[in-house]
Amino acid sequence: MDFAIECRDLCHRYGRKPALRGVSWSLKPGRICGLLGRNGAGKTTTINILNSFLVPESGTCKLLGEDSHSLSPATKARIGYLIEGHVQYGFFNVEQIERFYSAFYPKWDASIYYHLISRLDIGKKQKISTMSCGQRSQVALGLILAQKPDLIVFDDYSMGLDPGYRRLFIDVIRDYAADGKRSILLTSHIIQDLEGLIDDCIIYDKGRVLVDTQTERLSQDYRRYSFTAPEFKAHLGEAPDYLRVEQHPSRHLMHGFVNPDEVASKLAQLGIAASDIKEEKMTLEDIFIALTGKY
Amino acid sequence: MTRSIFYKEWIKTRLVWALLLAVNLGYAIYAILRLRYVYVHHDPLLIWNSWIFKGYTFYAYYEKLPLLTGILLAVAQFLPELLNRRMRLSLHLPMGEDRVVAAHLGVGLLLMALLFIPALLPMYAVAVAYFPPEFIGGMLTTSTPWILAGIAAYMFTAALLLEGRWFARIVLAIIAAASLRLFFQEILYSAYERILPVLIAWTALTFFIPLLSSQRFRKGI
Amino acid sequence: MKSIRFTALITLALTALVLFAHYGPEAWWMLFSESHRSPFINYSCISDDFVVSRVGEDGLIYESTKGEELDRAQAEALLPLFNASQLVQEGRMPTEIKGVNIDLSRLRHERSFLRLKPEEIDSSIVNLRPLFDNGTGRVELEEPDDFLRLGKSAEFIKAKGNSLDKGKSALFTDALNEAGFVFPASLVASNPSTRKAYDEGVYALDSEGKLFRIRLFAEEARIERVADSMSDADRDAFAAINVAFMSVQEQSNGRIRLLFLDEKGGVWLLVGKEYHPVRLPLGSYKPSEDDLMIRGDMLNYMATASGEGFVECIAFDRDFNLLDRYEEELPKDRDGLAAALADVIFPFALEFDSGKSSYLGFHVQKGSILSLPFYLVLALIVWGIRRARAVAK
């Protein structure tokens, strides 16, 4: 098996509206990958296909080498899946739900689950429906980790969580993945949390893969420069290197996969008489917004 | 694993199940008490005559209850699965999707049996005491369609809730209402005797409809 | 997975088809069926002809079979035994017809009325029947507190306590055995009503096809082998008949003892003390479909069969000698263009309750062969529209 997840040429439409237009990417074993994109970029559609709740119009998607639509029970047992909003069975209490899930997974380790629960201020008889979103997220996470899966898909894990729980969630994931054997795919809207966690980064834009690279490379090579210049009109069209130029009242901005030594010439090529060019620091979130736009 | 599914369904529905049991037993007890009352305060002959010549039976109160029971049990079981599309959790269990849904339906059937039998058994027992064997035979052929209607209503309600599309839901609802109406034709008792085998076969086949709905759900249809 | 999908889809498709075949025609005929009242036919002992009365636009119309229209007074005068009260009040009642003195109390006594409907023949009524005691000394029949079950033996079951009356059961079982009745009974008939002048008792065919009459008189069993009372000729004739259905309907004069059908649907009566078998030669009557009515008065008997599209009437004298017959074709409730269209739109129509039985069944009526091309064209049109839409996309 070469990939934990492998998507090939996924296309899907809702009615006439295209949601995915030929998406291909893969997740190598042992890596943590963030699937990012703005609302409506096609993340949820992809996740639904991954978890076999949607058949794409064309293309294939394989999880641990098996078609996502005909996963064998044995393979399913190796995949953990966190549903958006930490959805779980609200009618169970803490103990009952552990008892329920334990029957399904051969590698089940209840201690992982109870270790996580012990950090929370909840009793073993507390019903899940009475928990806060943060508490529920830990229950859901504990259940997934207790099954000791090889591949985990976290769909929008940060939804409804306060900063504390978000941090806790990330810490737990990081610890779990520390042995380097677990493959993890996660989606989130809060990108700053993912910095330093995700090895790879896939950014969707309007149903296409905009960027698919190592996070490290993205942070290193995608840069922002500010400069001053007289009024200009820049037509970038479908620019290579994801080049973007923004006009602002005082200092203008340019970003893209551009080395510091190329900046001046790039700007000159665009017909901008730039001066006082300075490189600025960028967070992952800055890069994400720069790439996908604010609107 | 199937036991685990049973455990989940039991935890989920036990309250509704207990309520339904109370209602089913309540109906049975009411029917029995009424029968006893008429027996004691009026003439047993009256009861026999109205049974033999007019087809009136004391257990007729129970007619629509299995239908209602089936619908409510299916709602109790599958509405929580519908909310937040929670069925995704169950379908992700390492069991084979059709098997998971079939296990859920199996639990439903078992729970229904545990509602109908406690209600019907006392009525049968009382019928044996108060009526000749002819009555018991008629009671079987008369009440079986009601039970079948309850089971079919359960299957259709489950299918309706598992189904993803509104149009398909409406089609299912129309088919369910139109066919279940045929289980309650207002004519004499024992009327269903001759078509009972077909009704039983059809009811058995309705088991596959929620399975189809869940397959459609998984395909995102 | 595929087989589940297939089974579910086939189930849904077949269910939809059956529902369409059931509700489609039902809705169609709710819209388009017309109601046709069957005419009322009487035999006139005055004109020796039938008087047909039918509902016209301005009330009842009376006709003779020759097509002469009669007014109400004329029609009533032709049927004095039927309209006696009215004629007496108007002072028009004859005192003598065909040499028979008309006495009002005798007239009432000699009236008979029997009827038979298909759902009584195919009925789910339980084989438990009251056996009234004719010898209580009371004017009115009193309901017994037990029921007779005639099967492998005679059993009387008391409603109170749901218990077997062993003494009475033994009494009747022994009496039946003694009379030569061979258990089990194969066919049993009686009339459970108390609103009758007397109780004819229970008629039962034994396992060898012999007919017995069972009565209770002053708490004693009275068993009568019917053939014993018959003339030699009648006995032989009766033995040759296979009785398929029996109906007891006591008449005030007690002449008609039993109405029964043979296996071919022939209608028979057992008449008088000697149980004289009389066959009513109705031509179109089908017991599983049509209604039968037998009426009698001081001078005549009449049998009327009516069903979808026809009414047939035969008249006899007092001794069941055939006098005349009348048959009329009637417009059907479901006829004409609506029926032709229904045959095309509904390749088959399915009814569960035929109204001719107390059991539900699958009553399928095939439509026209034209429905095949009709649905082919319809499918083609739908396919065309979908294709056009797909192309437009």
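## The second largest pocket

Strand 7 (112-116), helix 5 (118-121), strand 11 (187-189) and strand 15 (243-247) of chain C each give at least two residues to the lining of the second largest pocket. Helices and strands here are DSSP runs numbered from the N terminus: H or I over at least four residues for a helix, E over at least two for a strand. You're looking at a predicted model, so local features need pLDDT of at least 70 and side-chain atom pairs count only at pLDDT 80 or more, while totals for chains, interfaces and linings use all residues. Residues are numbered from 1 along each chain as its sequence is written, chains are lettered from A and ligands numbered from 1 in the order in which they are written, and side-chain values use heavy atoms, with hydrogens and water left out.

How much space lies in the second largest pocket? About 1,100 Å³. Its lining has 41 residues, and the closest to the centre are Glu120(C), Ser190(C), Pro192(C), Phe245(C) and Ser247(C). A pocket is an open set of points on a 1 Å grid over the protein atoms alone, with protein on both sides within 12 Å along at least five of seven lines, and lining residues have an atom within 4 Å of a point. Points are joined across faces, edges and corners, and the volume is the space filled by probe spheres set on them. Sorted by class, this lining has 21 nonpolar, 12 polar and 8 charged residues. In that sorting, Ala, Val, Leu, Ile, Met, Phe, Trp, Tyr, Cys and Pro are nonpolar, Asp, Glu, Lys and Arg are charged, and the others, Gly among them, are polar.

## The largest pocket

The largest pocket holds about 1,300 Å³ of space. Of its 38 lining residues, Glu308(C), Arg334(C), Glu351(C), Ser354(C) and Gln365(C) lie nearest the centre. Helix 1, helix 8 (336-345), strand 23 (348-351) and strand 24 (363-366) of chain C are the elements that give two or more residues to this lining.

Helix 1 of chain C has the largest share, with 5 residues. By class, the lining splits into 11 nonpolar, 11 polar and 16 charged residues.

## Where chain C meets chain B

Chain B is made of 9 helices and 0 strands, and its C-alpha trace spans about 60 × 30 × 25 Å along its principal axes. Against it, chain C puts 41 residues in contact with 43 residues of chain B (contact means heavy atoms within 4.5 Å). The two chains bury about 3,700 Å² between them, 70% of it from carbon and sulfur atoms. Buried area is the accessible area, with a 1.4 Å probe, that two parts lose on being put together, summed over both.

This interface has 2 salt bridges (a side-chain nitrogen of Lys or Arg within 4 Å of a carboxyl oxygen of Asp or Glu). One of them joins Asp122(C) to Arg194(B), with the closest N and O atoms 2.7 Å apart. There are also 11 residue pairs in polar contact, both residues at pLDDT 80 or more. A polar contact is a pair of N or O atoms within 3.5 Å; within protein, one must be able to donate a hydrogen and the other to accept it, and residues adjacent in sequence count only if both atoms are side-chain atoms. On the side of chain C that touches chain B, helix 1 (2-32), strand 8 (146-150) and strand 9 (154-158) of chain C each supply at least two residues. Helix 1 of chain C gives the largest share, 13 residues.

## Where chain A meets chain B

Here 27 residues of chain A are in contact with 26 residues of chain B. Together they bury about 2,600 Å², 64% of it on carbon and sulfur atoms. Phe53(A), Lys76(A) and Phe104(A) supply 27% of what chain A buries against chain B, more than any other three residues.

Lys76(A) also forms a salt bridge with Glu97(B), the closest N and O atoms being 2.9 Å apart. The count between these chains is 1 salt bridge.

## The cavities

A cavity is a set of grid points where a 1.4 Å probe fits but cannot get out. The count comes to 3 cavities of 30 Å³ or more. The largest has about 150 Å³ of space. Tyr81(A), Gln88(A), Tyr101(A), Ile144(A) and Gln147(A) are the closest to its centre among 17 lining residues.

The second largest cavity has a volume of about 50 Å³. Its lining draws on two chains, including Phe53(A), Lys76(A), Leu91(B), His92(B) and Glu97(B).
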